[in-house]
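Let's take a walk through this one together, going from its pocket to its rings and then on to its cysteines. Keep the viewer open as you read.

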Amino acid sequence: MSYVDGFVLAVPTANREKFITHARTGDAVFMEYGALRVVECWGDDVPHGTQTDFFRCVQAREDETVVFSWIEWPDKATRDAAMKKMMDDPRMDPATNPMPFDGKRLIYGGFVPVLELHP
């Protein structure tokens, strides 16, 4: 079964196009190093909760949009090898591909799928 990296972040709404440009560059590197699929989702119908929500988890401000992204890998070994390569890849250097958001508020993690349904 595949392996999934998930991300939640807050992007200044005014930086939407900068985010897409940044993601295109980085996501191409993920694909080159073995990712099966990369999905970037711009918040559209993200409710504010009474106790927890996506906004709170990334400390999103009023002028920011929550982004939910994931990368699907064939397995964890491919993902781990890719992450090592990306650390030395100049395309992933913040000096050449600056993040148009506050990376300190990015939440990420690796996940093992336990259920997968298909039509």
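Helix H1 gives the most to the lining of the largest pocket, with 6 residues. Keep in mind as you look at it that this is a predicted model. The pocket itself has a volume of about 740 Å³, and 27 residues line it. If you want to centre your view, pick Phe 7, Phe 30, Met 92, Met 99 and Leu 106, the lining residues closest to the pocket's centre.

H1, which covers 16-32, has company around the pocket. Strand S1 (3-12), strand S2 (37-42), strand S3 (64-73), helix H3 (76-87) and strand S4 (107-111) each put at least two residues into the lining as well. What sort of residues make up the lining, in terms of nonpolar, polar and charged? The split is 16 nonpolar, 6 polar and 5 charged.

Now for the rings. How many aromatic pairs does a search of the whole structure find? It turns up 5. Phe 19 and Trp 42 make one of them, a tilted pair with 6.2 Å from centre to centre and 45 degrees between the planes. This pair ties together distant parts of the chain, since Phe 19 belongs to helix H1 and Trp 42 to strand S2, 23 residues apart. The two partners sit in different classes of exposure: Phe 19 has a relative accessible area of 6%, so it counts as buried, while Trp 42, at 23%, is partly exposed. The cut-off between those classes is 20%.

Next, look at Phe 54 and Phe 68. Their ring centres are 6.3 Å apart and their planes meet at 55 degrees, so this pair is tilted too. It also links distant parts of the chain, with Phe 54 in helix H2 (residues 54-57) and Phe 68 in strand S3, 14 residues apart. Here both partners count as partly exposed: Phe 54 has 39% relative accessibility, and Phe 68 has 38%.

Go back to Trp 42 for a moment, as there is more going on around its ring. Ring pairs join Phe 19, Trp 42 and Phe 101 into a cluster. A charged side chain is there as well: Arg 16 lies over the face of Trp 42, at 5.4 Å from the ring centre.

On to the cysteines. How many disulfides does the structure hold? The count is 0. Why do Cys 41 and Cys 57 not form a bond? The sulfur of Cys 41 has its closest cysteine sulfur in Cys 57, but that one is 14 Å away, which is too far for a bond. Turn it around and the result holds, because the closest cysteine sulfur to Cys 57 is the one in Cys 41, again at 14 Å. For comparison, a disulfide needs the sulfur atoms within 2.5 Å. Both residues are partly exposed, with a relative accessible area of 27% for Cys 41 and 36% relative accessibility for Cys 57.

One last stop is Asp 75, found in the loop between S3 and H3. Asp 75 has a relative accessible area of 31%, so it is partly exposed. Try selecting it along with Val 58, which is 17 residues away along the chain: the C-alpha atoms of the two are separated by 28 Å.

Conventions: Residues are numbered from 1 along each chain as its sequence is written. This is a predicted model: local features need pLDDT of at least 70, side-chain atom pairs count only at pLDDT 80 or more; totals for chains, interfaces and linings use all residues. Side-chain values use heavy atoms; hydrogens and water are left out. On a 1 Å grid over the protein atoms alone, a cavity is a set of points where a 1.4 Å probe fits but cannot get out, and a pocket is an open set with protein on both sides within 12 Å along at least five of seven lines; lining residues have an atom within 4 Å of a point. Grid points are joined across faces, edges and corners, and a volume is the space filled by probe spheres set on the points. Helices (H or I, at least four residues) and strands (E, at least two) are DSSP runs, numbered from the N terminus. Ala, Val, Leu, Ile, Met, Phe, Trp, Tyr, Cys and Pro count as nonpolar, Asp, Glu, Lys and Arg as charged, and the others, Gly among them, as polar. Rings of Phe, Tyr and Trp (its six-membered ring) pair if their centres lie within 6.5 Å; planes under 30 degrees apart count as stacked, over 60 as edge-to-face and the rest as tilted. Buried means under 20% relative accessible area, exposed over 50%, partly exposed in between (1.4 Å probe, protein chains only). A charge sits over a ring if NZ of Lys or CZ of Arg is within 6 Å of the ring centre and within 35 degrees of the ring normal.
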